[in-house]
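Dear colleague,

I am passing the structure below on to you, together with an account of what was found in it. Please have the model open as you read, since the notes are meant to be followed residue by residue.

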Amino acid sequence: HIIDNRLMIGNNNTHEEDGTPSTNADVDTDDAFSSTPNLFYQNNGYQVTFPITNNTSTLATITGWIDFNGNGIFDANEQATNTAANSGNITLTWNPVTYVIKGNTYLRLRIALDANEILLPTGNASIGEVEDHVVNIINEPLPISFYHFDAIRISNDSAKLMWHFNNNEHTIAHKIEYSSDGNNFIAIKQF
C-alpha cells in the first residue's frame with residue numbers, strides 16, 4: 001500500500017516496508033486495537049469494531065479476514081467487508097463459518113479506495129494500509145441444528161431443559177452453562 005495519512009486503519013498510519021511476522025502479531029506498530037479483542041458469536045456471526053481515518057472525500061473499502069479454523073490461511077469464507085465515506089468507527093461482520101477454533105487466532109485488516117485491490121488478504125493497493133492482530137474467540141456456534149428447545153421452571157433454583165436436534169455429527173459432548181450477564185458463564189453439567 002502507498003502510505004497516505006488521509007486513509008488509514010486506526011489513528012496512525014503505521015509504515016513498515018515489509019511487515020514482520022510474529023506469534024502474537026505484535027512486532028509491527030499497528031494501532032486499530034489497544035489490546036487483544038475478544039470475539040463473541042452473536043446475531044448469527046462475529047463482529048469487530050475499530051477506528052479508521054478517511055479524509056479523502058472518497059468512499060473507502062475496509063476488508064478483514066479472521067483465521068477461524070486456525071489453518072494459518074485467510075480463506076475466502078473468512079472474509080468480511082464494509083465501506084466508509086468518513087473517519088470514525090467501522091464494524092465488520094462475519095457470517096457463520098463451518099468450523100471455528102476457540103481461543104487466539106489471527107485477524108488481517110485492509111483499507112483502500114479501490115475495493116478490487118483488497119479482494120485478497122495479500123497484494124498491492126494504490127493507497128491504504130494493512131494491519132495484523134491477534135483476536136480471542138470466546139465462543140463458537142453450536143455444531144448442531146436444534147429443531148426444539150424448551151426450559152420449564154421447576155422451582156426458584158431449578159429448571160427442566162429439553163431439546164432435540166437434527167444433526168449431532170462431529171459432536172463429542174454437550175455442556176450446559178448459564179450466565180446472568182451474557183459474558184461470564186458457569187458450567188452446570190457436561191455429558
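To begin with one pair of residues that you can look up at once, Y46 stands opposite W94 in strand β6. This pair belongs to the contact between β3 and β6, which run antiparallel and are joined by seven bridges. On its other pairing, β3 is matched with β1 in the antiparallel sense over three bridges, and there M8 stands opposite T53 in β3. Please keep in mind throughout that this is a predicted model.

As for the chain as a whole, it has zero helices and twelve strands, and of its 191 residues 35% count as buried. Among the contacts with a separation of 6 or more, 59% are between residues 24 or more positions apart. The accessible surface comes to about 11,600 Å², and carbon and sulfur atoms account for 47% of that area.

The open sheet

Five strands make up an open sheet with mixed pairing, and their order is β2-β8-β7-β4-β5. The edges are taken by β2 (38-39) and β5 (79-84), each of which has a single partner strand, so that one side of each is left without a neighbour in the sheet. In general, strands of a sheet pair through backbone hydrogen bonds, and they may do so either parallel or antiparallel.

Going through the pairs, β2 and β8 run parallel and are joined by two bridges, with I137 in β8 as the bridge partner of L39. Strands β8 and β7 pair in the antiparallel sense over ten bridges, and within this pairing I111 stands opposite E129 in β8. Strand β7 (residues 103-112) is also paired with strand β4 (residues 60-66), again in the antiparallel sense, over six bridges; here G64 stands opposite L109 in β7. Strand β8 (residues 128-137) is largely enclosed by the rest of the structure, because eight of its ten residues are buried.

The nonpolar core

Which residues have the most contacts inside the largest nonpolar core? They are F50, I62, F68, L92, W94 and L109, in a core that has 26 residues. The elements that give two or more residues to this core are β1 (7-9), β3 (46-54), β4, β5, β6 (88-94), β7 and β8, and β3 gives the most, with four residues. W94, named above as the residue opposite Y46, is thus met again in the core.

L109 is a useful residue from which to look around, as its contacts beyond its neighbours within four places in sequence include I9, A32, F33, F50 and L92. The same list also holds T63 and G64, as well as E129, V130, E131 and H133. As a general background to such a core, nonpolar side chains in soluble globular proteins tend to be buried together.

Salt bridges

The count of salt bridges comes to two. In one of them, the side chains of R108 and D132 meet at 2.7 Å, N to O. Since R108 lies in strand β7 and D132 in strand β8, the pair ties together parts that are 24 residues apart in sequence. R108 counts as buried, at 17% relative accessibility, whereas D132, at 25%, counts as partly exposed.

The other salt bridge is formed by D4 with R6, whose closest N and O atoms are 2.8 Å apart. R6 is partly exposed, with a relative accessible area of 40%.

Surface and loop features

On the surface, Y178, I186 and I188 form a nonpolar patch, and together they have about 310 Å² of accessible area. I188 is found in strand β12 (residues 186-190), and with a relative accessible area of 55% this residue is exposed.

Finally, a backbone detail may be worth a look in the loop between β3 and β4, where S57 lies. The phi of S57 is near 65°, a positive value in a residue other than glycine, and S57 counts as exposed, at 75% relative accessibility. For background, most residues other than glycine have a negative phi.

With best regards

Definitions and conventions. Residues are numbered from 1 along each chain as its sequence is written. This is a predicted model: local features need pLDDT of at least 70, side-chain atom pairs count only at pLDDT 80 or more; totals for chains, interfaces and linings use all residues. Side-chain values use heavy atoms; hydrogens and water are left out. Two strands pair if DSSP finds at least two bridges between them. Buried means under 20% relative accessible area, exposed over 50%, partly exposed in between (1.4 Å probe, protein chains only). A salt bridge is a side-chain nitrogen of Lys or Arg within 4 Å of a carboxyl oxygen of Asp or Glu. A nonpolar core is a set of buried Ala, Val, Leu, Ile, Met, Phe, Trp, Tyr and Cys residues joined through side-chain atoms within 4.5 Å. Contact means heavy atoms within 4.5 Å. Patches are made of residues with over 30% relative accessible area and no salt bridge: like charges are joined within 9 Å, nonpolar side chains (Val, Leu, Ile, Met, Phe, Trp, Tyr) within 5 Å. Accessible areas come from the Shrake-Rupley method with a 1.4 Å probe; for residues, only the protein chains shown count as cover.
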